[in-house]
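Me: I should like to go through the terms used for this structure and the reasoning behind each of them. Please set each value against its criterion.

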Amino acid sequence: MKTPLFSKLETGSFWFSDSNRSSPGCNMRRGMVLLRRVNNTRRGMLQSSLSTTTSTTHDASGDSQYEDYNKTSATYDKYRGPIDAGTFLTTFAEVAQRLNVPQQELSLLDAGCGSGNHLKQFESDVGTVSGVEINDGMISKCRMKLPDADIQQGSITDLPVGTASVDVVITTQVLHHLETGQDQSFPNVVLAANEVFRCLRPGGSWIIQTQTPEQHVSGFWWAPIVPNAAQELSTRFAPMQTFEEICRGAGFDQFNSVVPDEPLVRLDKYLDLEGPFTQGFRNADSTWSLATEDELEKGLAMLREKIESGEAQAWLNEREQLRAQIGQTTTVVATKRKGTGSISNGRRTKFPFARSLSFGKTF
Ligand SMILES: C[S@@+](CC[C@H](N)C(=O)[O-])C[C@H]1O[C@@H](n2cnc3c(N)ncnc32)[C@H](O)[C@@H]1O
């Protein structure tokens, strides 16, 4: 059971990705449980306080501030692949139904597409796939994988995409690379949410794969090897309630979240006790890039000692119990209600990047 997460997330609505785990109280498909409605006044206050800080902190030309993806893109695909595919596919079907078009005609944009693993995975499930990515190394991997797809260099905070021109936007494990702001107001996550909302056709959805701060610290077995780095990176993830407020402030109507069972790193690689000793394993998660040499050296010595004393497997199992309880990541689906005002006519086009369709932002 993953019940403890409910109280921690305090999100508006929540469902399990694993249908076997649906709670008895669930009354909607896939066990969605309505928990709490966001307080409108508080949401409005957050959005207006954020909107005053966004204009000066735009990081559209900046790469990740702490991970060198030109380097790590070389080994990324060996360790990482799409997770929680079921939620993505369910959402595509729901969007198609809402828009009253065949799923095979949907346009899918991956904002922060990295090496293109998700676009490749879902290429045959929708009509067109396109991507925006900021990093050179990741873009070249993505273009190699998807030679016919439109992959543009750019930032999720300033998408080179027409207004109301795409049906589904996905953003997986990207938001923690955006500036958090000194007061943890996540100004660039606000920009990103506003941008995605602008680009989505009314009735479309934004699927976000991210983590909660708690999941980042407790959901990864190896976090105690580099505890300071794990703690530091956890502050780069917006708490789920804050993220919901940001999405609703941008105009998104529905906000649902699900905790998938899979870890981010491919399971066989993830559970390798020797993994942290290799650079490839460490390249698969940005936490390691925040560890000082000293912290890494001490942490690896602690792991080596556990391995040699025969305690390591039991320790890993104990850590894995925590992952089973709170999960390692959260998938959010935020939906732009049909009928939401948009300056563009929202006509369907095969070319979502056509700037000519964009007449300005909707807010
Ligand atoms: C952990 S990787 C995830 C890549 C891919 N979405 C996936 O799930 O495999 C984070 C990605 O976010 C990209 N990124 C960071 N800041 C970005 C921004 N402002 N706009 C677009 N992409 C960004 C990085 O370059 C990197 O490719």
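Reply: Let us begin with residue classes: Ala, Val, Leu, Ile, Met, Phe, Trp, Tyr, Cys and Pro count as nonpolar, Asp, Glu, Lys and Arg as charged, and the others, Gly among them, as polar. By these classes, the shell around the ligand holds seven nonpolar, 11 polar and three charged residues. Please note that the model is a predicted one.

Me: How many residues surround the ligand, and which are the closest?

Reply: The ligand is surrounded by 21 residues, of which the closest are Gly112, Gly114, Asn135, Thr172 and His177.

Me: Why is Ala164 called buried or exposed?

Reply: A residue is buried if 20 or more other C-beta atoms lie within 10 Å of its own. Ala164 has 28 C-beta neighbours inside 10 Å and therefore counts as buried. Ala164 belongs to the loop between strand 5 and strand 6. Its phi, near 50°, is positive, although Ala164 is a residue other than glycine.

Me: What makes Asn100 buried or exposed?

Reply: The criterion for an exposed residue is 12 or fewer such neighbours. Asn100 has 8 other C-beta atoms within 10 Å, so Asn100 is exposed. Asn100 follows helix 5 and sits in the loop between helix 5 and strand 3 (107–111). Asn100 is not a glycine, yet its phi is positive, at about 60°.

Me: How do you know that the span of helix 5 is close to the expected one?

Reply: The expected span is 1.5 Å times one less than the number of residues. Helix 5 (residues 85–99) has 15 residues, for which 21 Å is expected, and the helix reaches 21 Å from its first C-alpha to its last. Its buried residues are Thr87, Phe88, Thr91, Phe92, Val95, Ala96 and Leu99. The elements they pack against include helix 6 (117–122) and strand 6 (166–172).

Me: What makes strand 4 and strand 5 a pair?

Reply: Two strands pair if DSSP finds at least two bridges between them. Four bridges join strand 4 (residues 128–133) to strand 5 (residues 150–153), so the criterion is met. The two strands run parallel, and Val132 has Gln152 in strand 5 as its bridge partner. With helix 7 (residues 136–145), they make a right-handed β-α-β unit.

Me: Why is helix 11 called mostly covered?

Reply: Nine of the 11 residues of helix 11 (residues 240–250) are buried. Among them are Met240, Phe243 and Ile246. Just after this helix, Gly251 takes a positive phi of about 120°.

How values were computed
Residues numbered from 1 in each chain as written. Predicted model: local features only at pLDDT ≥ 70, side-chain atom pairs only at ≥ 80, totals over all residues. Contact = placed C-beta atoms within 7 Å. Right-handed = clockwise from strand over helix to strand, strands pointing away. Near = placed C-beta within 6 Å.
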